[in-house]
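Q: Please walk me through reading this structure, one feature at a time.

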Amino acid sequence: MQKLSEKAISLAPWSPSRLNTADDCPFRYNCEVNKLPIKTFPDDTDARIGTALHTYIEILLSDPKRALSKDFIYSLFEDNSLTHKEVTRFNLLKESAETSAKRIIKFKKSHNITDDNFHVELGLAINHKFEPTKFLGDDVFLRGKIDLAMLTPEGVIAVLDHKSGTYSEITDHYKKQLDAYMILYYYAYHRVKANDKRVKSFVGYLNAIGGDSPDILRSDEVLFEEFDEKIKSKFIEYINRVSDSLESNEAKPGNHCKYCSFIDKCPLNIVRK
């Protein structure tokens, strides 16, 4: 079994999004960690609309009556500072979010999933020994909020992550993110509160909201008895590699550049389009 490196432990607390940033571009990660002054403000339209959609589907799943009220929708626009143009874009995607929520609720009912096994925005954290701890505790190694986790009577744990946009395939980037959420659910929740021999496997999903096909896309299913070896070892190897790469402070070009607040300091002299 792989072991966490001292470097990875020293850089905690980690989160799935923070890991993605470090893997995408060590330079950007180090700028954020060192809290350098931000001089360039990227166009965060997509991010703000995505956040609004994320909140909307969260409330659709947990409190549908509130989600469909005009007061809630107006507060959603105000809280995310959406412009008139962005409100128009949000409304075009709103129906897609509602369709996704209906499909999830249909799945819940058809698989007889109880409310106790239907978790929306589940905040969890573990320490470096992979033991549960407080979300904001001093010993946090990994923490995150799972958009949705469900346990079917057949013993399948489904972990979902909502994404605004359409995805034709589950990329390696998203698989790592889903793996991190599975780690959190298993070690911070299941072992403590829901230890049940019925559990047989994990499966990760991306719930793609928007575009032509708001499909729920499935990643690899992992047998429960293989979880420690298959998922935990791969995750430890990944986080150790990412931790080691940060010393290089390498700037890596990619789609993330258009969202970077430190582009004026980037050694690649990238011009945001």
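**Reading the model**

A: The side chains of Asn 207 and His 162 make a polar contact of 3.0 Å. A polar contact is a pair of N or O atoms within 3.5 Å; within protein, one must be able to donate a hydrogen and the other to accept it, and residues adjacent in sequence count only if both atoms are side-chain atoms. This is a predicted model, in which local features need pLDDT of at least 70 and side-chain atom pairs count only at pLDDT 80 or more, while totals for chains, interfaces and linings use all residues. Residues are numbered from 1 along each chain as its sequence is written, and side-chain values use heavy atoms, with hydrogens and water left out.

Q: Which other side chain is joined to that of Asn 207 by a polar contact, and is Asn 207 buried or exposed?

A: The other partner is Ser 100, with a side-chain polar contact of 3.3 Å. Buried means under 20% relative accessible area, exposed over 50%, and partly exposed in between (1.4 Å probe, protein chains only). Asn 207 has a relative accessible area of 0%, so the residue is buried. Asn 207 belongs to strand S4, residues 201-209.

Q: How many helices and strands does the protein chain have?

A: Helices (H or I, at least four residues) and strands (E, at least two) are DSSP runs, numbered from the N terminus. The protein chain has nine helices and five strands. Along the sequence their pattern reads α-α-α-α-α-α-α-β-β-β-α-β-β-α. Of its 273 residues, 49% count as buried.

Q: How do the axes of H2 and H3 cross?

A: Axes are lines fitted to C-alpha atoms, for helices over the stretch in contact, and angles run from 0 to 180 degrees between N-to-C directions. Angles under 35 degrees count as roughly parallel, over 145 as roughly antiparallel, 65 to 115 as roughly perpendicular and the rest as oblique. Helix H2 (residues 16-24) and helix H3 (residues 26-33) have axes that come within 5 Å and cross at roughly 130 degrees. The two helices are therefore oblique to each other. Contact means heavy atoms within 4.5 Å. From H2, the contact is made by Arg 18, Thr 21, Ala 22 and Asp 24, and from H3 by Pro 26, Arg 28, Tyr 29, Glu 32 and Val 33.

Q: What does Val 222 contact beyond its neighbours within four places in sequence?

A: Val 222 sits in strand S5, residues 216-223. Outside that sequence window, Val 222 is in contact with Lys 200, Ser 201, Phe 202, Phe 227, Lys 230 and Ile 231. Its relative accessible area is 3%, so Val 222 is buried. The C-alpha atoms of Val 222 and Gly 204 are separated by 9.0 Å, with the two residues 18 apart along the chain.

Q: Where is there a cis peptide bond, and which residue other than glycine has phi near 65 degrees?

A: Backbone torsions are read residue by residue. The cis bond joins Ala 12 and Pro 13, with omega about 10 degrees, and Pro 13 lies in the loop between helix H1 (6-10) and H2. Phe 130 has the positive phi near 65 degrees; its place is in the loop between S1 and strand S2 (142-151). At 6% relative accessibility, Phe 130 counts as buried.

Q: Is Asn 249, with its positive phi of about 55 degrees, buried or partly exposed?

A: Asn 249 is partly exposed, with a relative accessible area of 33%. Asn 249 lies in the segment after helix H9 (227-245).
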